[in-house]
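Work through the exercises below with the sequence and the structure at hand. Try each task before reading its solution.

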Amino acid sequence: MLHSSKLRSMARIKPQALLNQSKKKKGPARISATTIFLCNLVVLVIILSLVATYRHWSQRSKNQPVSGLSTFEDTADSFADSKKYDLPGYAILNTSKGYITVELYKDGSPMIVDKFLDLCQKGYFKGIPFHHVIKHYVIQAGHSQGLGAAEDWTTKGKLHSRLATSPKHEAFMIGTSKTIDSTGFELFITTAPIPDLNDKILVFGRAVKGEDVVQEIEEVDTDEHYRPKSPVGIVGVTLKREI
């Protein structure tokens, strides 16, 4: 009898103990300070990443028009370079004494070369005379009847003793008067080194073949005003990219 009473008492106690244990399990779990710190750190990293991404795309959108302009300028420069490359680099002067091949300074004197090429294509130099020949100095072709730039050269005398190192001071350089107008174009070919050549004419090329033809023209008889006694001139001009 006593034994059964103890069993009933234990039966009543066991469910109560189980209930107490169940309540303990369902209680809120504690979050450590380390976990809270790590969560905050992750959130901060995400925010900083978003800010950096926004700044990157914002800066890229601002720079886009400038980049487009730069691309346009590069394209324009490339087009100009290709146009310059396509221009003839040589002119062959067919004179009454023979052929003179001239290398044109497209990079050094682009504006003068452009004008010269334009006149060549229009047939300006066809039949143009060498109207002044100064022996051991220069020959001049054109429609002008005055010495022009060469007049001052003759009054100062020949400077044979002064040889310069610049290629523009060599013989057989091709140039034109510094006073260029829209109606004419004077053509000079030097036959001797001229140290102060840059002060006299605009050099835009040099003779690379036919120097002997230049010298033959230089030897023609002239009067006291350096005008040839017998006609000599340019029959025509042929333009070439390469020779």
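**Exercise 1. Overall make-up**

How many helices and how many strands does the secondary structure of the protein come to?

Solution. The structure shown is a predicted model. Step one is to count the elements: the protein has 5 helices and 8 strands. Step two is to put them in order. Starting at the N terminus, the elements run α-α-β-β-α-β-β-α-β-β-β-α-β. Step three turns to the surface. The protein exposes about 16,200 Å², and carbon and sulfur atoms supply 58% of that area. Of the 243 residues, 31% are buried.

**Exercise 2. The nonpolar cores**

Find the largest nonpolar core and state which element gives the most to this core.

Solution. In general, nonpolar side chains in soluble globular proteins tend to be buried together. Here, the largest such core has 31 residues. Those with the most contacts inside it are I100, F116, F125, F185, L187 and F204. Next, look at where the core residues come from. Elements giving two or more residues include the strands β1 (90–95), β2 (98–104) and β7 (201–209), as well as the helices α3 (110–121) and α5 (211–218). The element that gives the most is α3, with 6 residues. A second, separate core has 9 residues, among them I134, Y137, L197 and I201.

Now take one residue of the largest core. Which residues does L187 touch, leaving aside those up to four places away in sequence? The list is L93, F116, I139, Q140, A141, I174, G175, F204 and I234. For the protein as a whole, consider contacts between residues at least 6 apart in sequence: 67% of these join residues at least 24 apart.

**Exercise 3. Strand pairing**

Determine how β7 is joined to β2 and to β5.

Solution. Begin with β2. It is joined to β7 by 4 bridges, and the two strands run antiparallel. Within this pair, L104 stands opposite G205 in β7. Then take β5, residues 173–177. Its link to β7 consists of 5 bridges, again with an antiparallel course. Here T176 stands opposite L202 in β7.

**Exercise 4. Salt bridges**

List three of the salt bridges and decide for each partner whether it is exposed or partly exposed.

Solution. The structure holds 4 salt bridges; three are treated here. For the decision, exposed means over 50% relative accessible area, and buried means under 20%, with partly exposed in between.

- D118 and K122: the closest N and O atoms are 3.1 Å apart. D118 is partly exposed because its relative accessibility is 33%. K122, at 62%, counts as exposed.
- K135 and E219: the closest N and O atoms are 3.7 Å apart. This pair links distant parts of the chain, its residues being 84 residues apart. K135 lies in the loop between β3 and β4, and E219 in the loop between α5 and β8 (233–240). With 37% relative accessibility, K135 is partly exposed, and so is E219 with 44%.
- D223 and R227: their side chains meet at 3.4 Å, N to O. D223 has 23% relative accessibility and therefore counts as partly exposed. R227, at 34%, is also partly exposed.

Notes. Residues numbered from 1 in each chain as written. Predicted model: local features only at pLDDT ≥ 70, side-chain atom pairs only at ≥ 80, totals over all residues. Heavy atoms only, no water. Core = buried A, V, L, I, M, F, W, Y, C linked by side-chain atoms within 4.5 Å. Buried < 20%, exposed > 50% of the residue type's maximum accessible area, 1.4 Å probe, protein only. Contact = heavy atoms within 4.5 Å. Pairing = 2+ DSSP bridges. Areas by Shrake-Rupley, 256 points an atom, 1.4 Å probe, with all protein chains shown as cover.
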